[in-house]
Amino acid sequence: DNLGLSHLPKELLSFVLAYLEASELCEGACLVSQVWREEADSKAAWEPRVVARWPFVNYSFVQKCKAYKHVKCRWKAVYFALNSQISLLFAKFRDEGLHVRRKMQEERQRQEISLQRKLKALRVERALLRARDNTRGSKL
């Protein structure tokens, strides 16, 4: 590393990593050096992200989380587990929303067809009444 980034004081490195997105922490920071990788995979890097995004998460929750067992930092594992659950939930809501929208469109079409049939029946009835009135008027 030509810039000496792997020799930054730990406090300064933590400060820098705090400004990175989770994806940048995983895909970029861990490639700089072994020191950066260790810090990017540390509790100090992931706990603030988890707590900021999901305030209900505490140490007990993290210890009980069984997801991503291959990930050394449990806070990082919790971040990815909750993030994937949220993504699934949003996908479900989106799909349900599309389903509801489709059902509403189908119902609206059924109502339009029903109204068109009723209107047609009324027109036929009106035409029959006119024809009846015309035949009565011609007989007089």
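**Exercises on a predicted protein model**

The protein chain averages a pLDDT (the predictor's confidence in each residue, from 0 to 100) of 82, and 93% of the residues score at least 70. This is a predicted model, in which local features need pLDDT of at least 70, side-chain atom pairs count only at pLDDT 80 or more, and totals for chains, interfaces and linings use all residues. Residues are numbered from 1 along each chain as its sequence is written, and side-chain values use heavy atoms, with hydrogens and water left out.

**Exercise 1.** Determine how many disulfides the structure contains and classify Cys73 by accessibility.

*Solution.* Step 1: the criterion for a disulfide is a pair of cysteine sulfur atoms within 2.5 Å. Step 2: a search of the whole structure yields zero disulfides. Step 3: Cys73 is in no disulfide, and its nearest cysteine sulfur, that of Cys26, is 10 Å away. Step 4: buried means under 20% relative accessible area, exposed over 50%, and partly exposed in between (1.4 Å probe, protein chains only). Step 5: Cys73 has 7% relative accessibility and therefore counts as buried, whereas Cys26, at 22%, is partly exposed.

**Exercise 2.** Identify the buried residues of α4 and establish where they lie around the axis.

*Solution.* Step 1: helices are DSSP runs (H or I, at least four residues), numbered from the N terminus; α4 comprises residues 43-53 and has the highest mean pLDDT among the elements, 87. Step 2: its buried residues are Ala45, Trp46, Arg49 and Val50. Step 3: these cover an arc (taken from the directions from the helix axis to the C-beta atoms) of only 110°, so they lie on the same side of α4. Step 4: the face turned away from that buried side carries the exposed residues Ala44 and Ala52.

How values were computed. Helices (H or I, at least four residues) and strands (E, at least two) are DSSP runs, numbered from the N terminus.
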